[in-house]
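I opened this entry to look up how the helices pack, what surrounds the ligand and how the sheets are ordered. My notes follow in the sequence in which I checked things.

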Amino acid sequence: MNAPPDTAQHDHPALFSEIGRMLDDGLIIANAGGEIQSANTAAVRFLGEGLVGAQLEAVFPMQETADFIQSRGTERTLSFIPDSSVEMEFKVRIRRMEGGQIMVLVLDMTLQRNLEKVRRDFVANVSHELRSPLTSLAGFIETILMNEIRDWPTQQRFLRIMEEESGRMSRLIDDLLSLSRVEVDEHIIPDATVPLMEVVRAVIASLETRASKNNMRIVLDDRHPPGAPRLVMNGKADEINEVFHNLIENAVKYGYADTDVIISVSQPQDGHVVIGVANTGEQIASRHLNRLTERFYRVDKARSRQIGGTGLGLAIVKHIVNRHRGTMDISSSPQGITRFVVRLPVVAAPASGDWHGDLTDDHGGETSDEVTG
Ligand SMILES: Nc1ncnc2c1ncn2[C@@H]1O[C@H](COP(=O)(O)OP(=O)(O)OP(=O)(O)O)[C@@H](O)[C@H]1O
Ligand SMILES: [Mg+2]
């Protein structure tokens with residue numbers, strides 16, 4: 001198909017491409033029949049390569065697009081959600097110019113939509129989850145104020161419960177903030193580099209004391225051959241740390257005493273590494289498995305609360321894994337082996353020692369293949 005000559009873009013090609021380059025929004029120019037003639041960098045980032053030459057109806061496959069082109073409409077605004085794994089949402093403004101050409105402006109609405117959703121959920125969840133510790137605090141304060149408890153040991157017991165309840169409230173707020181932060185940024189691919197094994201080892205080291213209180217061991221089963229390039233991924237080190245901290249902490253919390261928590265690391269394949277966290281405990285019934293990553297979903301609410309859980313850990317994990325273009329699978333066998341398997345993209349490793357961050361500094365033994373700590 002040949003583009004009709006003498007169009008607005010034809011008149012001012014340099015001006016159009018300059019404007020396109022300055023815009024954060026996508027700018028697409030198509031001929032009167034809807035065949036795309038040019039697309040700026042933002043449009044390619046939003047919609048993928050191969051736009052030039054494609055039909056507008058194929059790129060925005062909604063009835064309205066076809067109607068607009070057929071009826072030679074003058075202006076229309078559509079909303080568009082592409083079929084991709086990370087949900088994005090666009091507002092698409094289509095306008096016909098004098099020469100018949102079609103100009104399309106693609107506005108990224110994802111951030112705004114996520115912000116709205118986070119705000120709505122935040123209010124609902126916070127009010128629900130803060131109410132019970134707050135009610136309990138208010139009850140104890142009232143009792144003490146009424147001077148009904150005169151003996152010091154009982155007062156102390158009450159104060160200790162109050163301390164626990166206020167601790168729960170502050171943990172809940174930390175987790176909620178952490179969750180809303182990763183949710184808002186979910187569609188942005190982080191571009192710093194993370195040395196995966198250093199992060200995993202640092203997390204293991206930080207949880208070993210806690211595990212040993214239950215006579216549990218955290219065992220690292222690293223199938224990554226010695227001398228192979230380091231496992232490095234694009235991402236945010238503190239977020240990847242949060243993923244493994246949550247998973248390994250859960251394994252320690254919900255695993256039986258005197259058992260091992262096994263962290264397995266595969267050899268990278270197809271640009272991905274698979275890291276599993278497995279513990280032995282009570283089997284999680286299959287009806288719960290799909291729902292564990294929902295906010296505030298707990299298999300046994302009372303027990304999780306008692307252990308100090310807010311039910312937000314796995315929701316945070318899921319968002320961080322999505323943001324890093326990874327996946328997570330959960331399984332639980334009748335023998336009580338529960339496994340969380342995270343698959344993350346890795347990149348070609350820079351020469352050893354290129355990464356200077358707190359984690360390796362904290363950890364000390366950066367090049368060691370042993371679990372330290
Ligand atoms: N390894 C595991 N074994 C058994 N059950 C688990 C395991 N990990 C998570 N669960 C179940 O999934 C629920 C949700 O886990 P999640 O980490 O989101 O919340 P939490 O541990 O209760 O609280 P938080 O992580 O916010 O402190 C837990 O309450 C527990 O019922
Ligand atoms: Mg947890």
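Are H9 and H12 oblique or parallel to each other? I should say at once that this is a predicted model. I looked up the pair and found an angle of about 140 degrees, with the axes 9 Å apart. Angles over 145 degrees would count as roughly antiparallel. H9 and H12 are therefore oblique to each other. I also noted the hand: H9 passes H12 in a left-handed crossing. On the H9 side I listed Glu239, Glu242, Val243, Asn246, Leu247 and Asn250. On the H12 side I listed Gly313, Leu314, Ile316, Val317, Ile320 and Val321. By class, this contact has seven nonpolar, three polar and two charged residues.

**Ligand 1**

Next I turned to the ligand. How many residues surround ligand 1? I got 22. The closest are Arg298, Val299, Gly309, Gly313 and Leu314. I then asked which elements give two or more residues to this shell. They are helix H9 (237-254) and helix H12 (313-323). H9 gives the most, with four residues. Gly313 and Leu314 appear among the closest residues to the ligand, and I had already listed both in the contact of H12 with H9. I sorted the shell by class as well: nine residues are nonpolar, 10 are polar and three are charged.

**Other helix pairs**

I stayed with H12 and looked up its packing with helix H7 (residues 152-184). The two axes come within 9 Å and cross at roughly 20 degrees. That makes H7 roughly parallel to H12. The crossing is left-handed. From H7, Asp175, Ser178, Leu179, Val182 and Glu183 take part. They meet Ala315, Ile316, His319, Ile320 and Arg323 in H12. I counted classes here too: five nonpolar, two polar and three charged. Ile316 and Ile320 of H12 meet H7, and both are also listed in the contact with H9.

Then I went back to H9 and checked its packing with H8. The axes of H8 and H9 come within 9 Å and cross at roughly 35 degrees. Is that crossing left-handed or right-handed? I found it right-handed. H8 contributes Leu196, Val199, Val200, Ala202, Val203, Ile204, Leu207, Arg210 and Ala211. H9 contributes Ala237, Ile240, Asn241, Phe244, His245, Ile248, Glu249 and Val252. By class, the contact has 13 nonpolar, two polar and two charged residues.

**Sheet with E7 and E11**

I followed H8 to a sheet. Helix H8 (residues 196-213) lies across E7, E9 and strand E10 (272-280). H8 runs at about 160 degrees to E7. What is the order of the strands in this open sheet of five? I read E7-E9-E10-E12-E11, with mixed pairing. Strand E7 (217-222) and E11 are the edge strands, and each pairs on one side only. The twist averages 15 degrees from one strand to the next.

I checked a pair at each edge. E7 and strand E9 (residues 260-265) run parallel, joined by six bridges. Aspartate 221 stands opposite serine 264 in E9. At the other edge, strand E11 (residues 327-332) and strand E12 (residues 337-345) run antiparallel, also with six bridges. I picked out threonine 327, whose bridge partner in E12 is arginine 343. E11 and E12 form a hairpin with four residues between the strands. Glycine 336 in this hairpin takes a positive phi near 85 degrees.

**Sheet with E2 and E3**

Last, I looked up another open sheet of five strands, and its order is E2-E1-E5-E4-E3. Its pairing is antiparallel. Why is one side of E2 and of E3 left without a neighbour in the sheet? Strand E2 (36-39) and strand E3 (75-80) stand at the edges, each with a single partner strand, so each has a side without a neighbour there. The twist averages 20 degrees from one strand to the next. I chose one pair to inspect: strand E1 (residues 26-30) and strand E5 (residues 102-108) are antiparallel and share five bridges. Isoleucine 29 stands opposite methionine 103 in E5.

Conventions: Residues numbered from 1 in each chain as written. Chains lettered and ligands numbered in written order. Predicted model: local features only at pLDDT ≥ 70, side-chain atom pairs only at ≥ 80, totals over all residues. Near = placed C-beta within 6 Å. Nonpolar A, V, L, I, M, F, W, Y, C, P; charged D, E, K, R; others polar. Axes fitted to C-alpha atoms, helices over the stretch in contact; angles between N-to-C directions. Parallel < 35°, antiparallel > 145°, perpendicular 65-115°, else oblique. Left-handed = near helix turned anticlockwise from the far one by under 90°. Contact = placed C-beta atoms within 7 Å. Pairing = 2+ DSSP bridges.
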